[in-house]
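Please take me through this model in the viewer, one selection after another, and tell me what is to be found at each stop.

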Amino acid sequence: MSRFKKISAIIMIFALVMCTGYFSMMAPTTAWFYQAQSINGTNNKFVFADFDIDGDYSIEKVLVFDGATAYEDKNETMFDSVVKVIDVDVENDGGLPARIYATVKNESSAKGLKYFYYTDDMLVNGSVKETIYSALKNNVNDKALNNYNVGEDGNGGHFVKINPGEKKTVKVALWVEYDECESELAFADSPWESINYNINVTMTATQDVDGAMTR
Amino acid sequence: MKIKPINVLFNILAIITVVAVGFVSFNFFSGAKGYAVVTDSMVPVFSRGDAVFVKETDFETLSEGDIVTVSFQDGSGYFTHRIVSIDYEAGIFRTKGDASDSEDPQSSMVEQIMGKVWYSVPLLGYISIFISSLNLIKISVILAIVVIILITLTTLIQKSKKSGSRGGSNEQI
C-alpha cells in the first residue's frame, strides 16, 4: 500500500467518524401522544411496543366484599388482610421509556369503592396501608387519593415508569369505605353479608417525555 | 491482472466516504436539519429508524397536509406530524400522526415549528437510535470487538504478504 493511500485511508476514516457523529447527533422525533388499552382479562398482562397497541381487550372483574371488616375492624388494623389486589404484569416491548397510568371504573351502583395503584418498590414495611399513607403524605382523604390516582384535572396523577425491555408488576389495591356504600354492606345485620362490585381496570401507556396526553 | 483485496477495501472506503461527506455537506449548506424517527406514528410515510430532514419555513407558506417537525411546549423534545388544520391569524395549528386515529391532543403554536419536512432517508435514523442506546458496557464490548477485528485483519494481511514473498523466491529457484 503506497504512502498516499495510507494517508488517504486515515483521512477517510476520520471523515467517516465525523459523519457518523453528525448522524448520531440527530434529535429523536415523532410521537404517539395517546394510547389506551384495557388489561387483558385472561392473564392480566399488558404488553406494548412503541405505543403501537393492537387489539381491543376489555374485562369486567367482579370483586366481592363482605361486611366483616365493617363490624370487626373499626380502626382498619386488618386493612392489609382484606384489601383486594389485582396484579397486572406490564412489559415495555418498545424502544422508548413509558409511563403507565391506571384507572379503575366502578360499573356497579354500589358506592364507596376506592383504589390505589403501586409497585412493590413503593411498599413501606410491606404494608399497603402504610404505603397509601406515605404516598398521600399522611393526608388520607378522597381528594388526596383522587389527586394521586388521576390528578386534579383527571389527566395526570401517579404513573409507573417502565424503561424499554423492562417488566413490572403494577398492583391495584381496592377496598370499600363501608360508610359510603349505602348498601347492605353498611347496614347488614350479619357481617357475612357481601356485595359485588363490577369494575373495569384500564391501563394507559404513554411516552414518558411528551407531557401532552389525555386519558 | 490480479486484484488486491486491500485495493478493493480502499475503493469501497473511498466511495462510502465520498457519499457520506457529500450527503452531510449537502444538508449543512442547504440548511436542512436531521431528526431520527423513533416511533411509528407516521407510518406509512416514514417509520421508526428513518431520518427526516427539515428546513425552516415561513408559517404563512405552510398549509394543511404539510408534515412539520414541532417542538414540545416544554421544549423536552420534538414530534413530526401532519398539519390537519391551521389558523394563520392566531398562529396556531393542529397536527395528527398518519397512523393515529385521532388528532394530537393539543394545538401547537407558530413558535414551536422547527421546520417543514423536506425529505426522509430510510434506516439512517438507526445510527442515532443505536448510539443513544449505548451504555459504557456496550461501548466497551464494541470497541473490544473492533480492536480484535483490526488485529486479526492486520495479522492476516502480514501473513499473506510473507507467504507471497516466499512463493516468489521458490519460483526463482
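A nonpolar core, as the word is used on this tour, is a set of buried Ala, Val, Leu, Ile, Met, Phe, Trp, Tyr and Cys residues joined through C-beta atoms within 7 Å. The model on screen is a predicted one, and the tour begins in chain A.

**Chain A and its core**

Display chain A alone, where six helices and ten strands can be traced, and where buried residues account for 30% of the 215 residues. Of the contacts in chain A that link residues at least 6 apart in sequence, 77% are between residues at least 24 apart.

Now select A:Ile100, A:Ala102, A:Val170, A:Val172, A:Ala173 and A:Leu174, which touch the most other members of the largest nonpolar core, a set of 32 residues. Two or more residues of this core come from each of strands E5 (84–92), E6 (98–106), E7, E8 (160–162), E9 and E10 (194–207) of chain A, and likewise from helix H4 (128–135) of that chain. In soluble globular proteins, nonpolar side chains tend to be buried together.

Which residues does A:Ala102 touch, leaving aside those up to four places away in sequence? Centre the view on A:Ala102 and add A:Tyr117, A:Val170, A:Val172, A:Val201 and A:Met203, which are its contacts on that count.

Next pick out strand E7 (residues 113–118) of chain A, in which five of the six residues are buried. E7(A) pairs with strand E9 (residues 167–176) of chain A over six bridges, in the antiparallel sense, and within E9(A) the residue opposite A:Phe116 is A:Ala173, itself one of the core residues selected above.

**A loop in chain A**

Move to the loop between H4 and helix H5 (142–150) of chain A, where A:Lys137 is placed and where A:Asn138 is also found. Most residues other than glycine have a negative phi, and most peptide bonds are trans. Against that background, phi is positive at A:Lys137, near 55°, and positive at A:Asn138, near 65°. Are these residues buried or exposed? A:Lys137 has 9 other C-beta atoms within 10 Å and is therefore exposed, the limit for that class being 12 or fewer; A:Asn138, with 9 C-beta neighbours inside 10 Å, also counts as exposed.

**The sheet shared by both chains**

Bring chain B back and select the eight strands of an open sheet with mixed pairing, which run in the order E1(A)-E1(B)-E2(B)-E7(B)-E3(B)-E4(B)-E5(B)-E6(B). Its edge strands, each paired on one side only, are strand E1 (27–29) of chain A and strand E6 (108–109) of chain B. Inside the sheet, strand E3 (residues 67–71) of chain B and strand E7 (residues 113–121) of chain B are joined by three bridges in the antiparallel sense, and B:Val70 has B:Ile113 in E7(B) as its bridge partner.

In the loop between E1 and E2 of chain B, stop at B:Pro44, where the peptide bond from B:Val43 is cis, with omega near 15°.

**A helix of chain B**

Finally, select helix H2 (residues 125–132) of chain B, in which B:Gly125, B:Ile127 and B:Ser128 are buried. Look down the axis of H2(B): its buried residues fall within an arc of 160°, so they line one face of the helix. These buried residues of H2(B) pack against helix H1 (3–24) of chain A, and also against strand E1 (33–37) and strand E2 (51–55) of chain B.

Conventions
Residues are numbered from 1 along each chain as its sequence is written. Chains are lettered from A and ligands numbered from 1 in the order in which they are written. This is a predicted model: local features need pLDDT of at least 70, side-chain atom pairs count only at pLDDT 80 or more; totals for chains, interfaces and linings use all residues. A residue is buried if 20 or more other C-beta atoms lie within 10 Å of its own, exposed if 12 or fewer, and partly exposed in between; C-beta atoms are placed from the backbone. Helices (H or I, at least four residues) and strands (E, at least two) are DSSP runs, numbered from the N terminus. Two strands pair if DSSP finds at least two bridges between them. Two residues are in contact if their C-beta atoms, placed from the backbone, lie within 7 Å. The arc is that of the directions from the helix axis to the C-beta atoms.
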